[in-house]
Amino acid sequence: MMAMTTVLPPETADRFRRLLLILAALVGVATAGFLLSSQPTVDFLREGPARFLPFKGDEARLFLGISAGIAAIVAAAALWRGVSIASLIVAAVALGAGFALVHVVFTPTLGLVVLAVVADLAGSVQRDRLAELGPRQYPVRWAAGAVAGVIGLVVFAAISWWLASPLFDEGERIEEDLGFQVAGMATTPTPTQAPAATATAAASDDATATPTATATATPEPTQASGMGELIAMGELIGSDSFHTASGQVLLVRGPDGEVILRFQDFEVRNGPDLFIYLTPDPDGDVHVDGAINLSEIKATSGSVNYDVPLDVDPDSFRSAVVYCRAFSVIFATATFE
């Protein structure tokens, strides 16, 4: 009678499992060291469940760094002697806590532990039994499982990229003209103004040669050439070492009475689901009575304008906020003076 064989020899599977667990623990400790030395990364991670922690700054950095290292070591230790229901529960709890706290950063450790469990199963599953349950016997089930697995990986990758995108994607830059001058202030010129200046210079040159052309080229005065009024202004400041920002924010009233919130010569950290708010709270609380959501953010740098509804009192606002709705995180605030 032929001896039953497993997918991998038990000794080989055991070596693979322990090697992968050692790697998982080392990667987890390296992740902990990285977090302990990088406050911007910890501030980035506060966009996830870590935002519910009752502390931030150095305390959050220490907590998240140490927790990530402990979670990796506990998971590896739980599975070191073998995979059982009890050890899987302990490892799953440790990995779940680590991933919840530091999500994307913990992915390599999580993947190595999963591979260690697969290696252990390969040392206990019989080849004949696997053949009986394999795709040749159940092609539809295996195909459905493969499709579900691919979809799951794509969704996981998409969510991971969405979470990590601020680390790589700087966002879009827009240079938008205000359309009028503000009394007592210089607004940023935009590329749309350059051709006009060139045309004026050209008209001036033509004027020297043909005086009649000068009369024809003189533009009619328009209402857009009127002066606007500055209602309030403030400096855009990031909320922490990761969510950085700079530039000016102006709340102005135009010649026609329209009210515009202008981000001028600004830059803010890119992120998911960012919106622009005006709020009566000087500290930037967007949930107080009277706070309004103006628009999804147009760009993360340059100069951009946002229309303020005519039915609100612009003098009631004390700050403008760049706010991530998906994770309830303030990216930047400009307190009006």
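Here are three short exercises on this structure, each with a worked solution.

This is a predicted model, in which local features need pLDDT of at least 70, side-chain atom pairs count only at pLDDT 80 or more, and totals for chains, interfaces and linings use all residues. Residues are numbered from 1 along each chain as its sequence is written, and side-chain values use heavy atoms, with hydrogens and water left out.

**Exercise 1. Strand E8**

Find which strands pair with E8, and state how many of the residues of E8 are buried.

Step 1. Fix the terms: strands are DSSP runs of E with at least two residues, and helices are runs of H or I with at least four, numbered from the N terminus. Two strands pair if DSSP finds at least two bridges between them.

Step 2. Strand E1 (residues 173–175) pairs with E8 in the parallel sense over three bridges; here Arg173 stands opposite Ser301.

Step 3. Strand E5 (residues 259–268) runs antiparallel to E8, joined by seven bridges, and Leu261 faces Tyr306 across that pairing.

Step 4. Buried means under 20% relative accessible area, exposed over 50%, and partly exposed in between (1.4 Å probe, protein chains only). In E8 (residues 301–308), seven of the eight residues are buried.

**Exercise 2. The nonpolar cores**

Work out which helices supply the largest nonpolar core, and what Leu45 touches.

Step 1. A nonpolar core is a set of buried Ala, Val, Leu, Ile, Met, Phe, Trp, Tyr and Cys residues joined through side-chain atoms within 4.5 Å.

Step 2. The largest has 31 residues, of which Leu35, Leu45, Leu64 and Val102 touch the most other members. Helices H1 (10–37), H2 (39–45), H3 (58–78), H4 (85–102) and H5 (107–122) each supply at least two residues, and H3 gives the most, with seven.

Step 3. Taking contact as heavy atoms within 4.5 Å, and leaving out residues up to four places away in sequence, Leu45 touches Leu35, Ala50, Leu64, Leu101, Val102, His103 and Val105.

**Exercise 3. Tyr277 and Tyr323**

Classify the ring pair of Tyr277 and Tyr323, and say which strands hold the two residues.

Step 1. Rings of Phe, Tyr and Trp (its six-membered ring) pair if their centres lie within 6.5 Å; planes under 30 degrees apart are stacked, over 60 edge-to-face, and the rest tilted.

Step 2. The centres are 5.5 Å apart and the planes at 80°, making the pair edge-to-face.

Step 3. Tyr277 lies in strand E6 (residues 274–279) and Tyr323 in strand E9 (residues 319–324), so the pair ties together parts that are 46 residues apart in sequence. Both Tyr277 and Tyr323 are buried.
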